[in-house]
There are 4 protein chains.
Amino acid sequence: MCGIVGVYCENESLTPHITYYSLFSLQHRGQESAGIAVVGEEEVESYKGMGLVTHVFDRKTLEGLKGRLSIGHVRYSTTGTSRIENAQPLLVKSRAGSIAVAHNGNLVNYWQLRRKLEGEGRTFLTDSDTEVIAQILATNLLEKDIVEALKELDSCLVGSYSLTMLVNNTLIAYRDPLGFKPLCIGKTDYGYVIASESCAIDATGARFMRDIKPGEAVIIREGELEFVKINESKRKAFCVFEYIYFARADSIIDGRSVYSVRHNIGRILARESPVNADIVSPVPDSGTTSSIGFAQESGIQYLEALIKNRYVGRTFIMPEQSMREFSVRIKMNAVKSNVEGKRVVLVDDSIVRGTTSRKIVDMVRAAGAKEVHLRIGSPPIIAPCYFGIDMSTREELIASGKSIEEIRKTINADSLAYLSLKGLLDAIGVDKRMLCLACLTGLYPLSVPGEKCVE
Amino acid sequence: MCGIVGVYCENESLTPHITYYSLFSLQHRGQESAGIAVVGEEEVESYKGMGLVTHVFDRKTLEGLKGRLSIGHVRYSTTGTSRIENAQPLLVKSRAGSIAVAHNGNLVNYWQLRRKLEGEGRTFLTDSDTEVIAQILATNLLEKDIVEALKELDSCLVGSYSLTMLVNNTLIAYRDPLGFKPLCIGKTDYGYVIASESCAIDATGARFMRDIKPGEAVIIREGELEFVKINESKRKAFCVFEYIYFARADSIIDGRSVYSVRHNIGRILARESPVNADIVSPVPDSGTTSSIGFAQESGIQYLEALIKNRYVGRTFIMPEQSMREFSVRIKMNAVKSNVEGKRVVLVDDSIVRGTTSRKIVDMVRAAGAKEVHLRIGSPPIIAPCYFGIDMSTREELIASGKSIEEIRKTINADSLAYLSLKGLLDAIGVDKRMLCLACLTGLYPLSVPGEKCVE
Amino acid sequence: MCGIVGVYCENESLTPHITYYSLFSLQHRGQESAGIAVVGEEEVESYKGMGLVTHVFDRKTLEGLKGRLSIGHVRYSTTGTSRIENAQPLLVKSRAGSIAVAHNGNLVNYWQLRRKLEGEGRTFLTDSDTEVIAQILATNLLEKDIVEALKELDSCLVGSYSLTMLVNNTLIAYRDPLGFKPLCIGKTDYGYVIASESCAIDATGARFMRDIKPGEAVIIREGELEFVKINESKRKAFCVFEYIYFARADSIIDGRSVYSVRHNIGRILARESPVNADIVSPVPDSGTTSSIGFAQESGIQYLEALIKNRYVGRTFIMPEQSMREFSVRIKMNAVKSNVEGKRVVLVDDSIVRGTTSRKIVDMVRAAGAKEVHLRIGSPPIIAPCYFGIDMSTREELIASGKSIEEIRKTINADSLAYLSLKGLLDAIGVDKRMLCLACLTGLYPLSVPGEKCVE
Amino acid sequence: MCGIVGVYCENESLTPHITYYSLFSLQHRGQESAGIAVVGEEEVESYKGMGLVTHVFDRKTLEGLKGRLSIGHVRYSTTGTSRIENAQPLLVKSRAGSIAVAHNGNLVNYWQLRRKLEGEGRTFLTDSDTEVIAQILATNLLEKDIVEALKELDSCLVGSYSLTMLVNNTLIAYRDPLGFKPLCIGKTDYGYVIASESCAIDATGARFMRDIKPGEAVIIREGELEFVKINESKRKAFCVFEYIYFARADSIIDGRSVYSVRHNIGRILARESPVNADIVSPVPDSGTTSSIGFAQESGIQYLEALIKNRYVGRTFIMPEQSMREFSVRIKMNAVKSNVEGKRVVLVDDSIVRGTTSRKIVDMVRAAGAKEVHLRIGSPPIIAPCYFGIDMSTREELIASGKSIEEIRKTINADSLAYLSLKGLLDAIGVDKRMLCLACLTGLYPLSVPGEKCVE
């Protein structure tokens, strides 16, 4: 997962700040690196760095990035290698001029495309599929205009790709025809803001216009905004995990409030898997909204069993072997006065490997809870994601090889229940043919080698 | 406000990690600087740096701080000047040997003491009252043992002072006789942990023993723990703001669960100042617990009107004048689907200057709320704090010069109500003679020049 | 100018240290950035950074760069833009595998080659001609073996190019057929060291074998060393400025000791342009060796008129306008006791813009010298270099537009004399058809658009 | 050894730059830390950091240090512990106001004074004798004016102490009555510059006025300069090693040109210990000037046998055991063409431990020299320095336990000769009662416990 931004702003010195604020609001989509590219006086310039947006950019750097058009990116590391070379936007020079690309998604046919390009003697400086996209676009632009070049690019990519790009003086945003990753646009007093989520539109004081449609491009040149249909697909594949976990609760994605979806999840979960208990509590922060829904539907008192340390960062270290066991305790702590002698329902959004769940259940039990019941706001994750969410391999997914009862025993809960797939679809309220449910069903919305397709 | 820690651990290499984890759990008490002092092989060593605990210490630094005794400190900047010289623990050498001091509190008679010491030709390298404490203690130790030296130190200090100190091979913790700032002790498998709050005891896997009593010292030498009464006062002055805002909700302070107090505050507030509304929402994060109590007592639905950006840090910059207005919007955003057309009750812990409250009310209104009612979990703050909480001057306190109705108009709420003093005392459940309520009453628990005393 | 290195060493953990020491000895060839690439267990890895070798690499980084084959680079910034993207070795992935390239030189037909590659839709991430070399080599390797690919690469490059490269498990060193930039090879107990100058061979304790011949490649695979003739040219074009200024005095380049050449220069200069004077002094450090020769030939006493501040670095700042005039004074200072009342001969290696020369003459005069005579160890520089030495444009070269008498007046010397071209050739002792003398004659050893060719 | 500076300048924004340039010219006196204190608008401020002057200060920091009075310091680490706490100027607050102290020297009775102050209950934050000086001065200023306070300070200090100090709006420079460390003053267009060496006066464009006399203070208040005699001693103790090694050759110290002294040393050494040889060469850089003198007196050709790597820094690392032997080779390299088949005289300033000398002799021999003769420009160092030069203990001094013939064998030279004490005194040209010769004679100019006094 990553977050992308595109900005057009008549006021040249305001542009980088709008991009910065947007990226800052998308920080939850990626904390590994951040970058901004801008069409400056003469050509496209970029600035990138490792770490959080507030760490990478200071006032002076931002003020040096003036221009009317800008794109930005926050990166979520999907592999172990964390290198500045992989930070985006990727900026290349070509016959067509400067091309900067910010990409959210993952190409399923990356190696196929790269091998083909390498077969022409081409070289690659990064390990990122974004460089493949940039090279193909540069080639297409040799003899085609931007719209045709984009169509040809789209025709050879397989996978998920929400993109914001600068080609000299033109800003392009594009969302793949299945629409895996969200992308939307808003209007400011001085221009436009395109971003992965509407919370970034809000953060800049812009007015939300609408979602970019799957297969649709937004092209901004000389201040003129144009929506262009590049490709079309009846089937859509909106990532269901944006609703379950990834997006910020105040975002509205493809017409559905993320907060409402999660609240519905909690309500439906309470109906599907009721439990006699004294309090309902979230696993903070991911279970907060659904636990509120669960409490309200069940009538059980909502009370926080766990308090999270707000300062937990990525850089935290686990030095001594004997201290490892405290790793969860340092991130969150049980509120004894709330759980002592109580039957506690913990609500979380999902279970991936199950190791953290076990530690949390143990912690609440150690704080005096009489019973600990776990309710999960999604069906079991049984299959890997090939579209940009780092969900480990099948072997690491606890639900891939174990029954629910086995999982319950492993994590030491008194009871465990997952939301049903139907319940999830009801909570979101869209047809299942609109969603990518691959990680929950094992059926993929497009052809992935070695996996079953949805139809 | 600051956070302090003291650790005795038989396992020398474990000691710095226990101190580190404790400090990390007290990070909310101070983000400006962090430091650890340890009794190493030969003498007391220290390491300090600006910023968060995870930023200041890395594995290598920690591993270099071996020893059985250690103290730690996180600092909250109360003045504009943020300098490494003021970071603690303060480590000095004296006739009595090495003395390291970590201090949470504020001396009312600091300048008086300093002028007296300067009158002897003494010099000061910092602007901190901690250096005054260290110099007086060093002088007292010339001819007295630790207990007597501590008694003499206590007799000349006026103000609040929870301390952890190392004097060569002895660890000392001391809490002033009025007990302004919290201090408690826990037991590990290898020794003891003393910390400002019980959440730090929990984070290290230690078992909570009890609060250090006001006027009581803990002395650990050669592995032996001793509680010593240094001074006694019938009156106590536990800081009421620890319960209202400052402490972490999972801490238990002087026998009262902070979470329960805040939950009670919400319940009592709902009874004292009911309102017809559709949803109750916290101002995140400070109003979360009391808003849950308010919702449960009032029967109004609990739903989050505002989502906070989890990545907001201290280093955030506000560059362009025209972007200033978005300062709150970047920190939190309204959830449109929750507030549209609704009558919203926002619950916050307190109001200091009122500027942020105004922006939040406006934001919720702009997101479509029909009415916005503000409920505050404490009485109005009308007087400054001289005991270590940075609460501005009287002129800056909105409630110091304005009636509640005037405040309501300023912050543009449909209704505004504060918790009564009686309600607050009921929520905490202790006699008012146990608490420092100076900021709410203007009556101070000890003599402060220019201010009225409580009796 | 840059410095390049290639290392084969059987002892995998020794390799990076040999590369590091070699680079460190070539630091005078470039201080902007430093980098090392190594064939690790699985693939080629690289580490690069801005600044000096000792700044970029620490023990831990070096120890992580194990392998049998390695190349290294120190970069001299020839343009204003100092960016990490331009640091070398450049590491790319291609059909042929990993290719790392370290380049000393400059391609005259860079833009022509780049435009051609861009015409195929190719993209570029750097502004460096090294990326062009890497792309062409990758293309050639599609269907050719290394020797043939190298021949084809050589056939399309125009300019200067001493290269060390890694292609998977093969180390390649190549020197262009005119041999502009030096390149030599030495033998260690565990393998080989290839470097720009012999001083780097010495620094690693290796035994000097010989210079790489122009048009010759060194190929090391599976421990086997092979010399391969790739191209041949009767004419050579050894850069004359390596002898005059650039190389370290303890290096032996193409069979001639740099120290001896400079000493000869001083002797011949003394014969060509004698002067009645009391002392001969170098302009430190560039004039040291030739001034010793001048003193010995003339019989005038050698005494230092100027002492250089050994700590002058690149990062030095010149803040106030009124302090600018001291810029030279901070770098060096006159020794009053040596120059007072004396007739002083200052010997320098060359004059580029003349501004520093003026300040030095003034400083020596201000310290009390009766007369200041300047002797220059090279003919006037009248034409720009297109082969990698940053010598400014014709407009900036003081000797390009002015007669020697005009220059003398400008720099305020009592007399000024340059070495003759014949004198320089005698000092070096090789046929002029072996050398590139373009900057001194305006005649270029290969075709440069807008310039005259040597024949 | 350290370098100190004091500046008065009417132009407030020029002051920090003059201090900076002065310090930069004294960089050879200390590379561990650098600092500047300035009397700003309201009070004395300071800025300090680890490393070189150019590293510690950037333009912005300097521009923030405006004021008319300023002092500066570069520190040479005499102990293993390199800590920012020990960086100077030391800035303390006292009854008398702000006191900043920069100190070059070493107090022999440091612990005695410190124990006395500790006996009053005083505390110390640093391990430096400078804090003792500051505390005593602060005490003296309680009831005395600056001159009397200085007299009282002087009366209790034993050791070497050249000082620059700020006491509120007064700049004070003071040199101890024996005058161990140099201190001189110059005049600028806007005020005065006081510095350890005259090269710093030159670097700022100031005109040298004179040396500060031993026992003399310079006091600058409200723009008025005053010289005040504080103490007097017939005997002086100018450090002989300033002339031999420490000072920059372009400085004039106590009326003697350092360059001339070293040149004389070489001449006398040639007369005292002649040798049949082909070339005379310095061990760079410390032997340069004396080797020139040696060559001229002996008539043997001056030619550099060794070239030094100009980029060797303090941060250099010696990783692999097997690479240790190259440690000298990386710092300098032999010029084969100069030494092959030759009888070489190497001239160095002194021998401390002898380990480097051995490596250098071996290196020149390995490069082909037929004979290697070592000539040392000082008598053998047989006793430690207690006045601020870090010369190790007696056990580590090679000349302390070995005869000259034994040393010759150890370092593998064909012949070895030291300068005689008489030769050294002749070279300097002052009465021996003016100099501290303790390290060469074992007789100390003031009473040091366990050592013999000179009279």
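Me: Two residues are in contact if their C-beta atoms, placed from the backbone, lie within 7 Å. With that in hand, how do you know whether chain A and chain D touch or stay apart?

Reply: Welcome to the structure! This is a predicted model, where local features need pLDDT of at least 70, side-chain atom pairs count only at pLDDT 80 or more, and totals for chains, interfaces and linings use all residues. Residues are numbered from 1 along each chain as its sequence is written, while chains are lettered from A and ligands numbered from 1 in the order in which they are written. Now to your pair: chain A and chain D do not touch, and their nearest C-alpha atoms are 13 Å apart. Chain B and chain C are likewise joined by no contact, with 13 Å between their closest C-alpha atoms.

Me: What makes the radius of gyration of chain A agree with that of a compact globule?

Reply: The radius is taken over C-alpha atoms, and the globule rule is 2.2 Å times the number of residues to the power 0.38. For 455 residues the rule gives a value near 23 Å, and chain A has 23 Å, so the two agree. Along its principal axes, the C-alpha trace of chain A spans about 70 × 50 × 45 Å.

Me: What share of chain A is called buried, and by what test?

Reply: Each residue is judged by how many other C-beta atoms, placed from the backbone, lie within 10 Å of its own: 20 or more is buried, 12 or fewer is exposed, and in between is partly exposed. By that count, 58% of the 455 residues in chain A are buried. The contacts reach along the sequence too: among those between residues at least 6 apart, 70% join residues at least 24 apart.

Me: How many helices and strands does chain A have, and what makes a stretch count as one?

Reply: Both are DSSP runs numbered from the N terminus, with helices (H or I) needing at least four residues and strands (E) at least two. Chain A has 17 helices and 26 strands.

Me: How do you know where the domains of chain A begin and end?

Reply: Such bounds come from an automatic or database domain assignment. For chain A, the assignment gives domain 1 (2-233) and domain 2 (256-453). Their C-alpha centres lie 33 Å apart. Twelve residues from domain 1 and nine residues from domain 2 form the contact. On the domain 1 side, strand E6 (97-107) and strand E7 (159-167) each give two or more residues, and E6(A) has the largest share with three residues.

Me: Which classes of residue make up that domain 1 side?

Reply: Ala, Val, Leu, Ile, Met, Phe, Trp, Tyr, Cys and Pro count as nonpolar, Asp, Glu, Lys and Arg as charged, and the others, Gly among them, as polar. The domain 1 side then has four nonpolar, seven polar and one charged residues.

Me: Why is the relation between chain C and chain D called a two-fold axis?

Reply: The copies are superposed by least squares on the C-alpha atoms of residues with pLDDT of at least 70 in both. A turn of 180° and a shift of 0.0 Å along the axis lay chain C on chain D with an RMSD of 0.1 Å. That is the relation of a two-fold axis. In chain C, the residue whose C-alpha comes closest to the axis is C:Arg310, at 3.9 Å. The copies meet through the same surface, because 100% of the interface residues of chain C are also interface residues in chain D.

Me: What makes strands E18 and E23 of chain B edge strands?

Reply: Strands pair if DSSP finds at least two bridges between them. Five strands of chain B form an open sheet in the order E18-E17-E21-E22-E23, with parallel pairing. Strand E18 (301-302) and strand E23 (415-418) each have a single partner strand, so one side of each is left without a neighbour in the sheet. Further in, strand E21 (343-348) and strand E22 (371-376) of chain B pair in the parallel sense over six bridges, with B:Leu346 opposite B:Leu374.

Me: How do you know which face of strand E23 in chain A is covered?

Reply: The covered face holds A:Leu416 and A:Tyr418, whereas A:Ser415 and A:Ala417 are on the uncovered one. E23(A) pairs with strand E22 (371-376) in the parallel sense over four bridges, and A:Leu374 stands opposite A:Leu416.
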